[in-house]
Number of protein chains: 2
Amino acid sequence: MAETTLPLQSIAELSGLLRTGAISPVELLEQTLARIERLNPALNAYITVTAELAREQARLAESEIRAGRYRGPLHGVPYAAKDLCFTRGIRTTAGSKILRDFTPSYDGTVVVRLRRAGAVLVGKAGLHENAYGITSDNPHFGSIHNPWDLERIPGGSSGGSGAALASGLCSFSLGTDTGGSIRIPAAFCSVTGLKPTFGRVSRYGVFPLGHTLDHVGPFALTAEECGWTYAAIAGFDPHEDASIDRPVELPSAAETDLRGVRVGVPEAFYFDDLDPEVEAACRAALATFESLGAVVEPIQLPDIEELNAVARVILLAEATAVHQRNLDARPEDFGEDQIALLDQGRFITAVDYLNAQRRRRELCQAFARAFERVDWMAAPAVAVLPAKIGQKTLEIRGMRHDVRLATTRNARALNLTGLPLLTLPCGFSADGLPIGLQLIGDAYDERRILAAGMAFQEATDFHRRRPPTL
Amino acid sequence: MAETTLPLQSIAELSGLLRTGAISPVELLEQTLARIERLNPALNAYITVTAELAREQARLAESEIRAGRYRGPLHGVPYAAKDLCFTRGIRTTAGSKILRDFTPSYDGTVVVRLRRAGAVLVGKAGLHENAYGITSDNPHFGSIHNPWDLERIPGGSSGGSGAALASGLCSFSLGTDTGGSIRIPAAFCSVTGLKPTFGRVSRYGVFPLGHTLDHVGPFALTAEECGWTYAAIAGFDPHEDASIDRPVELPSAAETDLRGVRVGVPEAFYFDDLDPEVEAACRAALATFESLGAVVEPIQLPDIEELNAVARVILLAEATAVHQRNLDARPEDFGEDQIALLDQGRFITAVDYLNAQRRRRELCQAFARAFERVDWMAAPAVAVLPAKIGQKTLEIRGMRHDVRLATTRNARALNLTGLPLLTLPCGFSADGLPIGLQLIGDAYDERRILAAGMAFQEATDFHRRRPPTL
């Protein structure tokens with residue numbers, strides 16, 4: 001079949017064609033598989049391409065749509081699941097050597113719900129080993145490459161989910177975010193990513209990293225499409241102990257009118273050694289929101305270094321609790337960075353951990369108070385541009401920074417809060433590297449940040465640009 | 001004023017008299033204060049008697065009731081708050097030397113809510129130091145004595161709350177329960193005690209011990225009156241991060257009909273070295289439930305030793321996190337048992353703690369499954385009879401046991417689950433020592449265990465007996 005640009009179109013465009021029968025899910029899938037075949041060798045976005053299952057699901061979708069049983073905007077649309085989402089009968093590696101041959105006997109709740117929505121699982125996207133890191137430079141499955149510059153990292157840990165979507169190797173994807181793992185690849189690959197409120201989306205059948213920090217969420221080309229995917233996967237699940245039983249709502253058309261909306265700018269997230277191009281793009285985005293009628297004002301938040309320190313203690317401990325048995329039994333099967341982090345986690349005492357959780361509660365109260373003054377906040381998703389693969393440090397305004405710490409600085413802090421976060425493409429560096437803005441919503445208020453993202457994307461076209469090399 | 005038996009009457013009786021003006025809250029209070037003056041020296045149930053505040057509140061209640069502004073069954077009724085409930089302007093010691101002179105600037109939520117219900121705070125009840133222990137043998141404020149045998153412990157940590165109520169030194173009281181601290185004194189003092197579901201009653205302004213294990217709840221002479229007090233103090237509180245926003249309901253009259261109700265008997269709680277008199281009384285109580293039409297059947301629960309081991313790891317860590325600073329700075333101000341426990345807590349790693357919390361979630365699922373088969377369960381509240389003050393070990397069926405471990409064995413395990421627990425007087429040993437049964441409800445189902453308690457107390461009179469020595 002001759003390759004077309006069909007897989008580069010957004011769900012909004014595709015679903016119009018699918019619903020009316022102008023294209024078939026089978027045709028869309030074959031186009032996507034052809035594109036994967038051509039581009040995945042360079043990108044390495046997938047660990048497993050599930051062509052057989054996908055063809056079966058696409059044929060089913062085709063027959064359902066023909067029979068008039070249209071399930072909604074995801075029906076017949078190919079997606080990638082990060083390879084730590086359990087898929088029945090399909091190996092699920094978590095990017096690790098330990099789970100290289102692990103084949104779950106059941107689907108994770110998010111996978112079940114997307115099947116119900118009629119979506120077509122096209123593959124399992126690569127990730128940083130164990131989702132514990134942000135480069136997606138994986139020693140067991142190879143580096144994942146940024147489609148905007150193949151020498152650079154796509155961000156992580158959901159690097160494959162971001163890179164596959166940006167390159168048209170799927171039409172949306174699933175990621176997880178424990179310390180920035182949705183927001184960083186969204187920003188670095190120039191796609192839209194939503195980390196919903198803690199408890200909104202079930203993690204049942206998703207390999208854990210940090211029990212009180214892990215979130216599952218979607219990547220899509222637009223905020224509106226993130227909303228559709230979010231609505232499909234969110235909602236109460238008795239199998240998830242952190243699950244929240246609250247109605248899942250999408251924004252109304254009226255909510256995309258931003259006149260009078262109060263936007264907080266947390267100056268703590270615009271520190272002195274922010275990359276100047278990132279800062280310029282994010283400040284320009286704030287001006288766009290002002291031009292749409294929003295009232296932008298500075299807002300006081302807790303010190304970002306303290307937020308990050310507290311989040312690091314919690315994650316170090318929680319991640320080691322997950323991996324300790326394998327770490328003791330098979331240390332040689334872990335990547336070097338994993339050993340370093342997991343060993344650090346052994347030395348956290350329960351008292352340190354609990355004090356961090358206590359401080360976390362106080363810090364969350366400061367966020368809750370800030371939301372009495374503003375409707376949502378906007379901050380750089382990532383303080384820096386994507387590093388080169390293998391690069392350990394980077395320079396900003398003449399200072400050397402550790403790539404990992406600099407890249408997670410604006411992201412990790414917010415996992416403490418459990419608040420919903422929407423990352424939007426908001427610009428490019430002079431070298432053509434993507435820049436992302438994150439909107440920070442109040443608890444359970446995905447609606448307003450999705451509405452704001454829709455308004456922003458109505459006014460800008462950063463989200464429409466595609467990697468030039470592909 | 002001549003002393004009468006008025007303070008020995010239950011809230012149901014008193015509220016009838018108070019509402020109609022047959023007695024005044026001031027008269028009831030003075031009778032109670034006179035009784036405290038006479039009996040407290042022997043019992044040591046109170047750390048602070050708040051006579052002045054109580055007189056003010058009683059006068060206010062009197063004028064409100066006279067003016068026809070009757071607030072409900074607690075209006076004008078004297079109560080004792082465990083001395084770790086914050087009381088504005090009144091010292092709150094937590095039974096510790098560290099807080100000997102601590103005077104809070106605000107009332108805890110439960111104290112605020114009882115003031116709104118019109119109750120009269122007559123004093124701050126003594127407790128085991130820091131609520132961390134079950135003897136209430138307090139090195140800073142003296143031993144609290146069991147009104148049924150002054151040489152014996154009243155149980156703890158809420159020993160003063162149990163002893164004061166059993167002796168008519170208040171008409172109801174508040175306690176907290178982290179590993180049995182309501183159920184043990186309820187059983188040992190022969191009063192009714194309710195540990196509500198985790199998250200039901202706010203702990204804001206209550207000195208903490210174990211953040212994920214602490215509960216606040218009432219002691220009263222009957223299950224019905226526990227319900228009234230529970231209804232007054234329960235409900236959502238934005239100041240409490242574990243607070244649950246669910247309607248608080250009391251049983252309907254129809255629910256006290258136990259015909260066809262399925263009662264589970266968790267054999268794990270009726271182990272071989274249960275005190276024979278405790279076992280006999282609890283089995284007789286099961287027979288009473290059967291005679292009321294309930295269907296009693298054995299039910300499988302996780303191993304109680306594992307439940308206790310998991311609960312101990314969690315509490316050791318959480319308690320040390322609370323006290324570490326003072327422990328480092330002023331170790332000489334802690335009792336010996338406190339030092340021993342708090343030092344153990346230092347050695348728990350975060351990984352151990354988190355593994356215990358993970359195991360806890362699995363164990364809770366086993367309880368949830370059990371509730372698919374039964375409406376509630378019934379087990380001995382305490383496996384042994386109250387030890388003598390100072391006694392370190394006790395003998396059951398020829399085996400020596402540590403008093404603390406034996407006394408908490410059936411209680412601590414259940415704090416892991418957060419489930420509601422109602423302790424009912426269900427018998428006496430040959431020596432006249434009280435025995436308690438605990439009803440274990442499903443999450444948020446205080447209603448059915450309260451209804452069962454009401455039915456049981458309708459059929460029995462253990463709860464009407466009073467300590468013979470007073």
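How many residue pairs are in polar contact between chain B and chain A, counting pairs with both at pLDDT 80 or more? Four. Keep in mind as you click around that this is a predicted model.

**Stop 1: where the chains meet**

Start by showing chain A and chain B together. The contact takes 19 residues from chain B and 19 residues from chain A. Between them the two chains bury about 1,400 Å², and 63% of that is on carbon and sulfur atoms. Now select Val351(B), Leu354(B) and Arg361(B): this trio supplies 34% of the area that chain B buries against chain A, more than any other three residues.

Leave Arg361(B) highlighted and add Asp241(A). Their side chains meet in a salt bridge, 3.8 Å from N to O. The count of salt bridges between chain B and chain A is two.

Next, colour three helices of chain B: α9 (304–329), α10 (336–346) and α11 (350–370). Each supplies at least two residues of the side of chain B that touches chain A. Helix α11(B) gives the most, with seven residues. If you colour that whole side by residue type, you should get seven nonpolar, six polar and six charged residues.

**Stop 2: cysteines in chain B**

Looking for disulfides? The structure holds zero over all chains. Pick Cys170(B) as an example: the nearest cysteine sulfur belongs to Cys189(B) and is 11 Å away. Cys170(B) counts as buried because its relative accessibility is 1%, under the 20% cut-off. Then try Cys364(B), which is partly exposed at 25% relative accessibility.

**Stop 3: two buried residues in chain A**

Go to Tyr132(A), in the loop between β3 (120–125) and β4 (137–138) of chain A. Is Tyr132(A) buried or exposed? Buried, with a relative accessible area of 2%. Show what surrounds Tyr132(A): beyond residues up to four places away in sequence, Tyr132(A) touches several others, including Ser157(A), Leu209(A), Leu315(A), Asp337(A) and Arg404(A). For a distance to try in your viewer, pick the C-alpha atoms of Tyr132(A) and Ala387(A): they are separated by 17 Å, with the two positions 255 residues apart along the chain.

Now jump to His463(A), in the segment after α13 (446–459) of chain A. His463(A) is buried too, with a relative accessible area of 8%. Leaving aside neighbours within four places in sequence, His463(A) is in contact with Leu221(A), Thr222(A), Pro425(A) and Gln457(A).

**Stop 4: salt bridges**

Side chains of opposite charge can pair when their charged atoms come close. Over all chains, a search finds 64 salt bridges. Select Arg55(A), which is partly exposed at 26% relative accessible area. Arg55(A) pairs with Glu30(A), the closest N and O atoms being 2.6 Å apart. This pair links helix α3 (residues 51–66), home of Arg55(A), to helix α2 (residues 25–43), home of Glu30(A). Glu30(A) is partly exposed as well, at 22%.

Arg55(A) also meets Glu52(A) in a salt bridge, at 3.2 Å from N to O. Both of these lie in helix α3 of chain A, three residues apart, about one turn of the helix. Glu52(A) is exposed, at 56% relative accessibility.

Hop over to chain B for Arg330(B) and Asp333(B), a salt bridge whose closest N and O atoms are 2.7 Å apart. Here Arg330(B) is partly exposed at 30%, whereas Asp333(B) is buried at 8%. To finish, select Arg262(A), Asp375(A), Asp445(A) and Arg448(A): salt bridges that share partners join these residues into one network.

Technical notes: Residues are numbered from 1 along each chain as its sequence is written. Chains are lettered from A and ligands numbered from 1 in the order in which they are written. This is a predicted model: local features need pLDDT of at least 70, side-chain atom pairs count only at pLDDT 80 or more; totals for chains, interfaces and linings use all residues. Side-chain values use heavy atoms; hydrogens and water are left out. Contact means heavy atoms within 4.5 Å. Buried area is the accessible area (1.4 Å probe) that two parts lose on being put together, summed over both. A salt bridge is a side-chain nitrogen of Lys or Arg within 4 Å of a carboxyl oxygen of Asp or Glu. A polar contact is a pair of N or O atoms within 3.5 Å; within protein, one must be able to donate a hydrogen and the other to accept it, and residues adjacent in sequence count only if both atoms are side-chain atoms. Helices (H or I, at least four residues) and strands (E, at least two) are DSSP runs, numbered from the N terminus. Ala, Val, Leu, Ile, Met, Phe, Trp, Tyr, Cys and Pro count as nonpolar, Asp, Glu, Lys and Arg as charged, and the others, Gly among them, as polar. A disulfide is a pair of cysteine sulfur atoms within 2.5 Å. Buried means under 20% relative accessible area, exposed over 50%, partly exposed in between (1.4 Å probe, protein chains only).
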